[in-house]
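Student: Can we walk through this one together, with a few questions as we go?
Tutor: Sure, have a look at it and then let's talk.

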Amino acid sequence: MHVSCLQAHVPGTDGVDLLDLNEIPFDINEEPGILPPNYFTQLLDEAIDESPQPPVNTHAPVVNVEPAATNTYTCPFVAPTDTTSIAQDGNEDEASSQPNDPHVVMRYDTLEGAKEHYNPHVARKGFSVKVNSNRRSTTTGEKLKQQFTCNKFRKPRKDNGGAELQVDVGPIPDSVSEDEVYIENAELASVVADLAAQGRKEKEPNKRKRENIVHMFCKAQMVVKLIDGRWEVIHFVPEHNHPLVHKPSLTKYLRSHQGIPKEERDFVKNLHSTNLPAGKMMDIMSEFYGSELLVPYTTKAITNYCATLTREETKDGDLAQVVSYFVEHKEKDPDFYFRLKLDDEDRVENIFWVDGAARKAYAEAYHDCVSFDATYLTNKYCMPFAPFIGINKHGQSIMLGCGFVKQELATSYDWLFESFLIAMNGLAPDNIIMDQDGAMAVSIGRMFPSSVHRNCRWHIMQNAQLKCGPTLGRNPGLAEDFNECIDFSLSPEEFEAKWALFLAKWPVAVGANSYFSTLYANRAMWVPCYFKHRFFPFLQSTQRSEGFNAVIKRYVNPHKSILNFVKQYEKIQVHVLVKEGGNDFRTDCLELHPWSPFPIEEHAFKVYCRDIYLRFRNEFELIGRYNVLPFGGNFYKLEPNRGWCAKYGTRTYLVTANKEDGMYYCECSKMDRDGILCCHVLKIFTHLGVDEIPDRYILKRWTQGALSGYVPAAVAEQPDVMPPESQVQLRHANLNMGFTKLARIASRTDAATAIVNKRLRAAAT
């Protein structure tokens, strides 16, 4: 109902004068000061202040309205904010599908309640609202009056032809009483703000241009005043002089209806912590709402909120937050170790950290082979991420420490390897594999003199494919001969002989400018025959290099802070523990049908972890591809019966077997390299009737007892309880999806809509 003129009397106050709805209420002009207009937002943490990303909930709250008597009239509506029910006149079974619209003399318990009631009304009508001018007490500073206006309330801008605008604010009075301190006109402050903005644009020509609202000098507004401890609507103008947005899916673009509800902000925060991009987050929220058209905020709102989270995460400085996180983590894990190096200007140069579980695992079982690679990715400071990678009892890659180095120099790696040795109590790795980096190789030679280090064959072959791809493509058969020379040479002497034959057959590979010459010059650092007796398990496969690289990139965003890297490291460790727990369960609790009836396979199933047993079984399945030929004494030749065998080529292998002493050896040296027996020795076992693997050929690191304190999965006690906060978020997400489905059904008829609204109000109370 539109009321053009109303005089009301509230006990304890003077009467309110007649209001001319074509003008801004005179009370608003009697201000000691005027605030810059703020957009109306939902669930604001501060009452009036504008937020760069206001958290808004466009779902209209409902309010409880009850009659309140006065001396001269009956006030029809009083709207407290602490309840979600609506008092209905008449039958209780009748339900209204919309909350009551604002009215003159409607009252609210708080100013926040007035905002929360008015903003959904504005959203339904299709416009945006601003928190405009207000009036405060000159003695207590308490807010007494607040004006909410349409966001098009300013006068339209006029084209001044590019001339500089002048504002005449008039003479400043010598003295003004406290009761008469005010700003002459709210529009004057708006003009001053516009001029200031124009001045900033002239001074900053490169500043990003923003699209401006087309102002229409719209008079739509609501004014509330504090009367007897409650905020009462003293002036309300519902009419607009411009078209409104009538399409519900477009209201989220209006400024006062932007932002993310609190419950969904918590959920989005969890998604942000997993490094999901904003587009993926919007896809997830679209599933909850049923369609992206129904999501009451945009992808840009998610992006802005995530940027706010990132800023808050490092508001005290990235390094300070990292140190604080390390100290806090050490309180929970006393064996956690970290070390930092600062330059002369107290800027971080190098960082290293490792958790207590990794230190224990390294010391007890996993120091026999470590991979170190600083080529995965860098952070936003361009500091290479340098993880120490080990291999656990299931053959999984695990993190044994992480570091950042500012410069890829030998001295930087010296500091990093020294930190690793300190954390591991001086225990250097037996074998270490690294990428092709000269500074890294020099440092490893200095800091790990007793360790055998080699380059990653997989990376070298990848580079060879890139460098020699055109040559290989133009010369069919060259790649096969090259791989034969590299993979099936059993000694350095054999490799040299095969390489000479390779160059003689393929002159294109000869020459100082050929990449094959570079590969040959570095042969002692990567060709397998030079390391056939060293423990580098399962590194012939590309799975480890590709797999762990993918894990790191899935968890770590290179554009994030160091603190984000540190937190993601912890998530990777938890991910590894979860996967290891699953493998423990498979080993302890699940059965697997054997490939053969041989007792030796049954024995392997009992002693090895499940994934290692599967590797053993893959080898055991190859025994049928070889024939055993006695070669005199304890020697046997194994010849491929089909001319070729996967992983071993066409050659014949010599096996030494002494059943009485339990000594077996094959020239392929798979036992030394991978820690499990090869198919050639296993073939001899079946030939000689050996039913169990000798203890000396069962590496403890491949069994469930690799680490001390292991408890079988069947008897281990570990509570799997979701935190209460996560339970709330999960329930909210599930209910949201359920309500969306219910809304599709209920919205088909008014009766169904009324029933659902009634039940929702009952559930809310």
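**Salt bridges and a nonpolar patch**

Tutor: To kick off, the structure holds 23 salt bridges, a salt bridge being a side-chain nitrogen of Lys or Arg within 4 Å of a carboxyl oxygen of Asp or Glu. Keep in mind that this is a predicted model, where local features need pLDDT of at least 70, side-chain atom pairs count only at pLDDT 80 or more, and totals for chains, interfaces and linings use all residues. Residues are numbered from 1 along each chain as its sequence is written, and side-chain values use heavy atoms, with hydrogens and water left out.

Student: Which residue does Lys606 form a salt bridge with?
Tutor: Side chains of opposite charge can pair when their charged atoms come close. Here the closest N and O atoms are 3.7 Å apart. Both partners lie in helix α17 (residues 599–607), four residues apart, about one turn of the helix; helices are DSSP runs of H or I, at least four residues, numbered from the N terminus. The partner of Lys606 is Glu602.

Student: Is Lys606 buried or exposed?
Tutor: Buried means under 20% relative accessible area, exposed over 50%, and partly exposed in between (1.4 Å probe, protein chains only). Lys606 has a relative accessible area of 61%, so Lys606 is exposed.

Student: In which helix do Glu494 and Lys498 lie?
Tutor: Their side chains meet in a salt bridge, 3.4 Å from N to O. Glu494 and Lys498 are four residues apart, about one turn of the helix, and that helix, covering residues 492–505, is α13.

Student: What is the N to O distance between Glu349 and Lys341?
Tutor: Glu349 is partly exposed, at 24% relative accessible area. Lys341 is partly exposed too, at 31%. Their side chains meet in a salt bridge, and the N to O distance is 3.8 Å.

Student: Which helix gives the most to the nonpolar patch?
Tutor: The patch is made by Leu735, Phe739, Leu742 and Leu760, and its area is about 360 Å². Patch residues have over 30% relative accessible area and no salt bridge; like charges are joined within 9 Å, nonpolar side chains (Val, Leu, Ile, Met, Phe, Trp, Tyr) within 5 Å. Phe739 has 44% relative accessibility, so Phe739 counts as partly exposed. Phe739 has its place in helix α21, and the helix that gives the most, with three residues, is α21 (residues 724–746).

Notes
Accessible areas come from the Shrake-Rupley method with a 1.4 Å probe; for residues, only the protein chains shown count as cover. Helices (H or I, at least four residues) and strands (E, at least two) are DSSP runs, numbered from the N terminus.
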